Amino acid sequence: VYLLRAAAVFAALYPVWRLGMTGAGDVKLCSVMAAWMGIRSFAACLVFSLFFGGLMAAVHMLRRRNFRRRFSYFFAWLRQCISSRTWVPYMQMTRPEKDSTIPFSAALSAGCLLWVWKLL
């Protein structure tokens, strides 16, 4: 059962990694979390984590003052995917700067802590 859960989440998140939208470590961490807590609980935890990740990204962009540049890059990527009618890896157009990404594992940890707190 545990391996099936991990494999299912890994298979679901593998395309997200291939598109360059998350790191391979985040995909593996999500697989382990799903195996440990179950798919339903992991889904709730992932929703909390996406919320925390969004907050972290917004704060990061505001601190770096690159909010406009990051959104213009996102919409250029989206236009390229639509015009070519294929999925283009997200960071293929430019090499990401090290400081333009956030560690999603921190958001996963915060989401997991919130999930545990909601259980108490």
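**Aromatic rings in a predicted model**

Me: How many aromatic pairs does the count come to?
Reply: This is a predicted model, in which local features need pLDDT of at least 70, side-chain atom pairs count only at pLDDT 80 or more, and totals for chains, interfaces and linings use all residues. Residues are numbered from 1 along each chain as its sequence is written, and side-chain values use heavy atoms, with hydrogens and water left out. Rings of Phe, Tyr and Trp (its six-membered ring) pair if their centres lie within 6.5 Å. By this rule the count of aromatic pairs is nine.

Me: Is the pair of F10 and Y14 stacked, edge-to-face or tilted?
Reply: Planes under 30 degrees apart count as stacked, over 60 as edge-to-face and the rest as tilted. The ring centres of F10 and Y14 lie 6.1 Å apart and their planes stand at 35 degrees, so the pair is tilted.

Me: What separates F10 and Y14 in helix α1?
Reply: Helices are DSSP runs (H or I, at least four residues), numbered from the N terminus. F10 and Y14 are four residues apart in helix α1 (residues 2-18), so their separation is about one helical turn.

Me: Is F71 buried, exposed or partly exposed?
Reply: F71 belongs to helix α4 and to one aromatic cluster with F67, F74, F75, W77 and W87. Buried means under 20% relative accessible area, exposed over 50%, and partly exposed in between (1.4 Å probe, protein chains only). With a relative accessible area of 36%, F71 is partly exposed.

How values were computed
Helix = DSSP H or I, 4+ residues; strand = E, 2+ residues; numbered from the N terminus.
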